[in-house]
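This report covers the contacts between protein chains and DNA strands, together with the relation between two copies of a chain. Please keep the sequence and the coordinates at hand while reading.

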Protein chains: 4
Amino acid sequence: MKQNSHIIPSVVKDQRLIAQRRQQIVEGAVRLFIQKGFHKTTTREIAKECGLSIGTMYEYIQTKEDVLYLVCEYIHTQLEQRLRESVSDSDSARESLKKSVKNLFDTVNEMSSLIVLIYQETKSLPKDLMSYVLQKEEEITRIFEKILLRGMEDGTLSVDADSVKLMAHNIMVIGQMWAFRRWALSRYYDIEEYTKRQMSLIFEKLIPRGDEDGNRSASS
Amino acid sequence: MKQNSHIIPSVVKDQRLIAQRRQQIVEGAVRLFIQKGFHKTTTREIAKECGLSIGTMYEYIQTKEDVLYLVCEYIHTQLEQRLRESVSDSDSARESLKKSVKNLFDTVNEMSSLIVLIYQETKSLPKDLMSYVLQKEEEITRIFEKILLRGMEDGTLSVDADSVKLMAHNIMVIGQMWAFRRWALSRYYDIEEYTKRQMSLIFEKLIPRGDEDGNRSASS
Amino acid sequence: MKQNSHIIPSVVKDQRLIAQRRQQIVEGAVRLFIQKGFHKTTTREIAKECGLSIGTMYEYIQTKEDVLYLVCEYIHTQLEQRLRESVSDSDSARESLKKSVKNLFDTVNEMSSLIVLIYQETKSLPKDLMSYVLQKEEEITRIFEKILLRGMEDGTLSVDADSVKLMAHNIMVIGQMWAFRRWALSRYYDIEEYTKRQMSLIFEKLIPRGDEDGNRSASS
Amino acid sequence: MKQNSHIIPSVVKDQRLIAQRRQQIVEGAVRLFIQKGFHKTTTREIAKECGLSIGTMYEYIQTKEDVLYLVCEYIHTQLEQRLRESVSDSDSARESLKKSVKNLFDTVNEMSSLIVLIYQETKSLPKDLMSYVLQKEEEITRIFEKILLRGMEDGTLSVDADSVKLMAHNIMVIGQMWAFRRWALSRYYDIEEYTKRQMSLIFEKLIPRGDEDGNRSASS
DNA sequence: AATGAATGAGTTTTCATTCAT
DNA sequence: TATGAATGAAAACTCATTCAT
């Protein structure tokens, strides 16, 4: 696997300490970024919020943008972890997809503000850091891509080969949409309702004809 | 209909002049916001870009955020106008939806950077201005909602009444997704391919059973 | 003549105002740099000392180093002007040299702290600005070079052609030395004494044999 | 002789260790100060360059300025040592002067950057440390003063008693000038040429009339 | 109406020094 | 003795906004 993360230099040597302090920094920063956004949050506020002196904080990062990068990386890591949990090779691809899409909706619901944060602040990263973050986003999307491909093989999902990438992105976007359109959607749907309707929409298309939900490709 | 736009006070009285100058401001600002984002653009740069002195610019706005609001309003107005153009009451709802979804994809493709701008910078507006912008977004979504409702009535579209809002939002998001995921999608699809695949996905679900594409609901 | 000065961009347009404000800045900065040196003087102190707000000061410069450059340029301009005053083409070269060396000593004496400032802070300039300043120093040295060359032609001074540059530099350094070694020299000599002794040293070598001081190259 | 050096307190007791560590510090610091100057060099950089941890370094100094003092002292010590080497009581004063002036030029040539360093950074020392450094500079100058005085006694040099101090300073300055005006001089002279011309200038004045170069006061 | 010089609070970042281990 | 993480005061510079002309 290729290296997918940027190494932020630190003045401090002790790797364990670096990890711990950066965790502190991220946790403080996330809270503030959600409230006020990246630009309206000052470095001093971040330091205060995470219980470090400004000087100490700067021993673990180089610029304010590094904090944003750490935050994005953290969110993506959380997201990826949650999504991978629900995928098991012992399930059929269709089963796997069902679980993981359901899981996606739940996760987005819970990480709502974090998802919005990623959507809105990624562009504030310097070019090189941004590309790492986008790469990560793609990697996460690939989780669904892989399930779809598996479904093509085991015959439990029907997708046009050329639409696999697109479907994976659709799933991601429809999931995340609950976060960034919540302001409108939550007036009419709660997360269960939302999940149910969107899942049926997604699976309508994906389930092979004559193969009704819950059946194992039956008596054809 | 309720008033859906915020009135930004101006020192200048001549309404025609106000409109003209603000147009200048918006055009300059849009260019810069796309390049560097709202926060990294200075008011001086905006003034320069739109050919006004900083003092003059401030005769037509009150704060930098007003410029962002004007920009958002402008983008939404453009978008709405483009989307309304393709809707005609003489078409069947299904026909209408087809045209307008196609049109949505084209428009998003052309206004790509503007769509992304709205997605990323809306949150920088002060609360009250933001709500105007979100309202506008909802109004635009309602274009599709109305077509869907019309389709329920004229029988050319099949949607569950409770899913109408959701479908309208889905359409909007799948359209805009071409803008904010272009970095990933354009490696595999061009806009035609994207449009074709996404439309078939959307309509699969919406077209009444036994009523294949191109037919007018008939019984044959 | 080649351009020998760096143009520092200013946000302000009015050239007259720029000149006036920069004069203010230089005057304030010189006082502080002499007292505490460039590095230990803060931009806020400079602004305060010259009666401008920090924001206003920065409308006329780009960086703190620009202030140093302006100061160096100012000092050199003062120095050059003073030195050129004493040179007249109607005098013999020897006469001219005598006057201008005397004048150099007087000037260095009066501008003592400024001379020391140049010696000590030039190296704090960024490379490109430094080269302008060194160029200026060379130009000033050329004043003496020219007189020496004239002396070779009119026969009132005897120098080896290849030593002309060197002698010019020697004169400059022996002049400036009164500034940067004053801490030691002034315990034993006052400026008159210093001038008298150093001049006789310089001229001993330069006066053609048999041509005693005060004579006009006359007969014999 | 009076004590001419400042004692910098150290937490460490072992004098041998102190000397050794300070030597390390000076060597590292000199390299950096030459490159970037005193103010632009950080204590961390110094520590790194000399292979000590920042904490350890501070066991041997009290402030950053102490490092500068140590550096100045080191340079002066080097300089003084080199200059004293060439002086022998068995030579005539004139011979001695010749050797030591020649030696001065060579030394300045080799220690060029160090000489410039002293010239430019001495002023950054706190008052009390600076006076030690200036004292040292004077002591070195006294080397030449003594030779001149000896020349007055043994008749091999002709100087006005009141000019002795001045001549000694002149010699020093003309020597050091090769370092701090190298940027201009080296375009026209190399060190040999420079030495030859400056020596003849210095000695012209100093050699008793009728006593040509190389002669021992001959026939009188 | 238009101009653009003036303002200063606020921002990020640095770095000499300390001190617990 | 040696280490290096912690500290926070202080620095340079920016920029939205105002207001006299």
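## DNA strand E

A backbone N or O atom of K64(D) lies 2.8 Å from a phosphate oxygen of DNA strand E, a polar contact in the sense of a pair of N or O atoms within 3.5 Å (within protein, one must be able to donate a hydrogen and the other to accept it, and residues adjacent in sequence count only if both atoms are side-chain atoms). This is a predicted model, in which local features need pLDDT of at least 70 and side-chain atom pairs count only at pLDDT 80 or more, whereas totals for chains, interfaces and linings use all residues. Residues are numbered from 1 along each chain as its sequence is written, chains are lettered from A and ligands numbered from 1 in the order in which they are written, and side-chain values use heavy atoms, with hydrogens and water left out.

Two further polar contacts involve side chains: an N or O atom of the R44(A) side chain is 2.9 Å from a base oxygen of DNA strand E, and an N or O atom in the side chain of S53(C) is 3.4 Å from a phosphate oxygen of that strand. In total 40 residues surround DNA strand E, the closest being Y58(A), V12(B), Y60(B), R21(C) and Y60(C), where a residue is near a strand if one of its heavy atoms lies within 4 Å of it. Of the atoms of DNA strand E that come within 4 Å of the protein, 64% belong to sugar and phosphate. The surface near DNA strand E divides into 13 nonpolar, 14 polar and 13 charged residues; here Ala, Val, Leu, Ile, Met, Phe, Trp, Tyr, Cys and Pro count as nonpolar, Asp, Glu, Lys and Arg as charged, and the others, Gly among them, as polar.

## DNA strand F

Around DNA strand F there are 38 residues, of which R21(A), Y60(A), T43(B), T56(D) and Y60(D) come nearest. Sugar or phosphate holds 65% of the atoms of DNA strand F within 4 Å of the protein, and the rest belong to bases. An N or O atom in the side chain of Y60(A) is 2.3 Å from a phosphate oxygen of DNA strand F, and a polar side-chain atom of R21(D) lies 2.8 Å from a phosphate oxygen of the strand. A base nitrogen, by contrast, is the partner of G55(D), whose polar backbone atom is 3.1 Å from it.

Among the elements that give two or more residues to the surface near DNA strand F are α1 (15–40) and α3 (54–60) of chain A and α3 (54–60) of chain D, helices being DSSP runs (H or I, at least four residues; strands are E, at least two) numbered from the N terminus. That surface comprises 11 nonpolar, 14 polar and 13 charged residues.

## The interface of chains A and B

Chain B and chain A each bring 42 residues to their contact, which means heavy atoms within 4.5 Å. Together they bury about 3900 Å², 57% of it on carbon and sulfur atoms, buried area being the accessible area (1.4 Å probe) that two parts lose on being put together, summed over both. L166(B), R181(B) and R197(B) supply 16% of the area that chain B buries against chain A, more than any other three residues.

There are 12 salt bridges between chain B and chain A, each a side-chain nitrogen of Lys or Arg within 4 Å of a carboxyl oxygen of Asp or Glu. One of them joins the side chains of E121(B) and K123(A) at 3.7 Å, N to O. The interface also has 23 residue pairs in polar contact, with both residues at pLDDT 80 or more. On chain B, α6 (112–121), α7 (127–154), α8 (164–180), α9 (182–185) and α10 (191–206) each supply at least two residues of the side that touches chain A, and α8(B) gives the most, with 12 residues. That side of chain B divides into 17 nonpolar, 10 polar and 15 charged residues.

## Symmetry and the other chains

Chain B superposes on chain A through a rotation of 180° with 0.0 Å of shift along its axis (RMSD 0.1 Å), the fit being by least squares on the C-alpha atoms of residues with pLDDT of at least 70 in both copies. That is the relation of a two-fold axis. In chain B, the C-alpha of Q120(B) is nearest the axis, 2.3 Å from it, and 100% of the contact residues of chain B recur in chain A, so that the same surface serves both copies.

No contact joins chain A and chain C, whose closest C-alpha atoms lie 21 Å apart, nor chain B and chain D, where the corresponding separation is 30 Å. Over all chains, the whole structure holds 62 salt bridges. R44(D) forms a salt bridge with E59(A), the closest N and O atoms being 2.8 Å apart; since R44(D) lies in helix α2 of chain D and E59(A) in helix α3 of chain A, the pair joins two chains.
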